[in-house]
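Trainee: Hey, got a minute to go through this one with me? I'd like to talk it over while we look at it.

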Amino acid sequence: MKDRLRFTRTRFDARLEVQHPRSGTLVFRTGDVSDGGLYLLNGPTELMLGDELTVRVLDLGGAAPSVRVRVVRRDAAGFGLEFVDLTP
């Protein structure tokens with residue numbers, strides 16, 4: 001993920017609802033977040049590079065907006081997602 005050099009990452013441990021085009025609604029855990037995207041820990045299904053997803057944080061205590069992301073990186077522990085559209 002190119003944001004390694006462009007954005008500061010902040011540890012962020014939360015449950016994330018993921019709308020997956022092939023698998024439906026899934027729940028993953030986050031590892032970190034930055035201005036450019038976020039990192040998902042391995043979860044209930046494999047994500048493919050290039051997949052576009054809709055995600056929403058579940059642990060905010062209220063209605064959280066959904067945002068569009070794209071899978072841009074895969075490693076042994078999880079997936080790097082890049083924000084595509086931050087418009088709720």
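Trainee: Which strand gives the largest share of the lining of the largest pocket?

Mentor: That's strand β5, residues 52-57, which supplies three residues of the lining. Keep in mind that this is a predicted model.

Trainee: And which residues line the pocket altogether?

Mentor: Here's the list: F12, L16, V33, L38, V55, R56, V57, L60, A64, P65, V67 and F83.

Trainee: How does that lining split up by class?

Mentor: Eleven of the lining residues are nonpolar and one is charged, with no polar ones.

Trainee: How much space lies in there?

Mentor: About 170 Å³ in the largest pocket.

Trainee: OK, switching to strands. What does β4 pair with?

Mentor: Two partners to look at. Strand β3, residues 24-33, pairs with β4 in the antiparallel sense over three bridges. β4 also pairs with strand β7, residues 78-85, again antiparallel, this time over five bridges.

Trainee: Where does Y39 fit into that?

Mentor: Y39 sits in β4 and is the bridge partner of D32. Y39 also stands opposite G80 in β7.

Trainee: How many residues are there between β3 and β4?

Mentor: Three, and the two strands form a hairpin.

Trainee: Is β4 enclosed or open?

Mentor: It's largely enclosed by the rest of the structure, because four of the five residues in β4 (residues 37-41) are buried.

Trainee: Back to β7 for a second. How does β6 pair with it?

Mentor: Strand β6, residues 67-74, runs antiparallel to β7, and the pairing has six bridges. One spot to find on screen is R74, which stands opposite F79 in β7. The link from β6 to β7 is a hairpin through three residues.

Trainee: New topic: how many aromatic pairs are there?

Mentor: The count comes to one. It's F28 with F79, in an edge-to-face arrangement: the centres are 6.4 Å apart and the planes make an angle of 85 degrees.

Trainee: Where in the chain do those two sit?

Mentor: In distant parts of it: F28 belongs to strand β3 and F79 to strand β7, 51 residues apart.

Trainee: Are they buried or exposed?

Mentor: F28 has a relative accessible area of 1%, so it's buried. F79 is at 0% relative accessibility, so it counts as buried as well. The cut-off for buried is under 20%.

Trainee: Great, thanks. I'll go and find those two rings on screen.

Definitions and conventions:
Residues are numbered from 1 along each chain as its sequence is written. This is a predicted model: local features need pLDDT of at least 70, side-chain atom pairs count only at pLDDT 80 or more; totals for chains, interfaces and linings use all residues. Side-chain values use heavy atoms; hydrogens and water are left out. On a 1 Å grid over the protein atoms alone, a cavity is a set of points where a 1.4 Å probe fits but cannot get out, and a pocket is an open set with protein on both sides within 12 Å along at least five of seven lines; lining residues have an atom within 4 Å of a point. Grid points are joined across faces, edges and corners, and a volume is the space filled by probe spheres set on the points. Ala, Val, Leu, Ile, Met, Phe, Trp, Tyr, Cys and Pro count as nonpolar, Asp, Glu, Lys and Arg as charged, and the others, Gly among them, as polar. Buried means under 20% relative accessible area, exposed over 50%, partly exposed in between (1.4 Å probe, protein chains only). Two strands pair if DSSP finds at least two bridges between them. Rings of Phe, Tyr and Trp (its six-membered ring) pair if their centres lie within 6.5 Å; planes under 30 degrees apart count as stacked, over 60 as edge-to-face and the rest as tilted.
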